[in-house]
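This briefing introduces a structure to a reader who has not met it before. Please view the sequence and the model together before turning to the points below.

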Amino acid sequence: MNPRPCSPRQACRLSPPAIVCSLGSGLDEIHEALAEGRRGLTTDDAYTPGRPLPLGRVTAPLPPAHDWPADQRSRNNRLLAAALARLEAPLRRVLAAHDPSRIGVVIGTSTSGIAETEGALARAGEGPLPDSFRYAQQELGAPARFVAERLGLTGPAYALSTACSSGARALASARRLLLAGECDAGIAGGADSLCRLTVNGFASLEAVSDRPCTPFSAHRDGINLGEAAALFVVEATPGGIQLEGSGESADAYHVSAPRPDGGGALAAMREALARAGRRPEEIDYLNLHGTGTPHNDRMEAAAVAALFSRPPACSSTKGLTGHTLGAAGALEAAFCWLALDAGFLPRHVYDGHFDAQLPALPLVTRAGSARPRLALSNSFAFGGNNAALLLGRHD
């Protein structure tokens, strides 16, 4: 493949997103849930017997996988297949317009097909793993390989796994493929499915709430978990909703805890603004990482206060969907896309008791008129993997 040089100012247009999450099945339904602040959480103890937890579970029917190759049969890939079906129109156009070797695939994930490994181990007991099990189901590269093979693409195809910033980093990486001239178009986003590993892992860290989470509340006590897939077609064409800039940083402060002063988060936001040639005061909406844990919310509020003299309208949508981990960065970029395209601000849902020990944030707690043009979306992860995406509406 011969890279084609391009201008560093080249456009990076995001198609209407394909979203599979707990808020609904179509973009109109999801838009309505975001605008009204309608939670998509259900409570059960499927992953934590005896301890029911609120979870953002996808309840819409997913494509069956029984006739797929054995190494592709995972719930993660079924979420992606559902997303690809909802991306049909832009996919059909881009596949007709570009050589398959010039279309890339970048997918963020943290679980891949681990749920299928859990099921195989449960069935095996003390015996050998069942013949139906394939290790490739859980490989971190499996989601990107699945999308590329399903679409017949031969360009760059890879997955990123940086925990909760994976989906955002996948979009940033796809943008770089366009800017470097390695691809003419790409399919990018994230996917993660609920499984015992993540639910019990966060529970062991005492980071999970037994009630719907309340980001930035004085009473916040942890996250809810969820699952989702969100995909975009990414092209180097002007107009529409553009991924204007991205910023990434690595704290290397702690395995799971964020850097308390928010320095890494601040660096990521500043880089996204710089790459887009934008100033903080131009931002109309900020989608907060907002997990609802004491440390993360405190760190993010400090970073926002350091960047903005007057913070823009902001909200955390994890109170509606749960934290979808490796899919979250792509899912919340899709929510920003909807906000910019339809002209509204996603609601922040919590108990109304803002933590007075945090810098003030203008949370969107009620419906109102808005027509945002620029939106910044934050994604912060274990190990200090931070990412920020800046999206802009170009009429």
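The points that follow concern a pocket, a sheet and a single residue.

The model is predicted. Its largest pocket has a volume of about 410 Å³. An open sheet of 3 strands is described next, followed by Ala33, a residue of helix H1.

**The largest pocket**
- The lining of the largest pocket consists of 26 residues.
- Nearest the centre of this pocket lie Ala207, Ser256, Thr293, Asn296 and Phe382.
- By residue type, the lining comprises 12 nonpolar, 11 polar and 3 charged residues.
- At least two lining residues come from each of helix H9 (294-307) and strand E13 (374-381).
- H9 provides the largest share of the lining, with 4 residues.

**The open sheet**
- The 3 strands of the open sheet follow the order E3-E4-E8, and their pairing is mixed.
- Strand E3 (42-44) and strand E8 (225-226) each have a single partner strand and stand at the edges, so one side of each lacks a neighbour in the sheet.
- Strand E4 (residues 53-56) runs parallel to E8, and 2 bridges join them.
- Gly56 is placed opposite Gly226 in E8.

**Ala33**
- Ala33 belongs to helix H1, which spans residues 27-36.
- Ala33 counts as buried because its relative accessibility is 0%, and buried means under 20%.
- Leaving aside residues up to four places away in sequence, Ala33 touches Leu23, Arg38 and Leu320.
- Ala33 and Leu225 are separated by 192 residues in sequence and by 18 Å in space, C-alpha to C-alpha.

Technical notes
Residues numbered from 1 in each chain as written. Predicted model: local features only at pLDDT ≥ 70, side-chain atom pairs only at ≥ 80, totals over all residues. Heavy atoms only, no water. Buried < 20%, exposed > 50% of the residue type's maximum accessible area, 1.4 Å probe, protein only. Contact = heavy atoms within 4.5 Å. 1 Å grid on protein atoms, 1.4 Å probe; cavity = no way out; pocket = protein on both sides within 12 Å on 5 of 7 lines; lining within 4 Å. Points joined across faces, edges and corners; volume = space filled by probe spheres on them. Nonpolar A, V, L, I, M, F, W, Y, C, P; charged D, E, K, R; others polar. Pairing = 2+ DSSP bridges.
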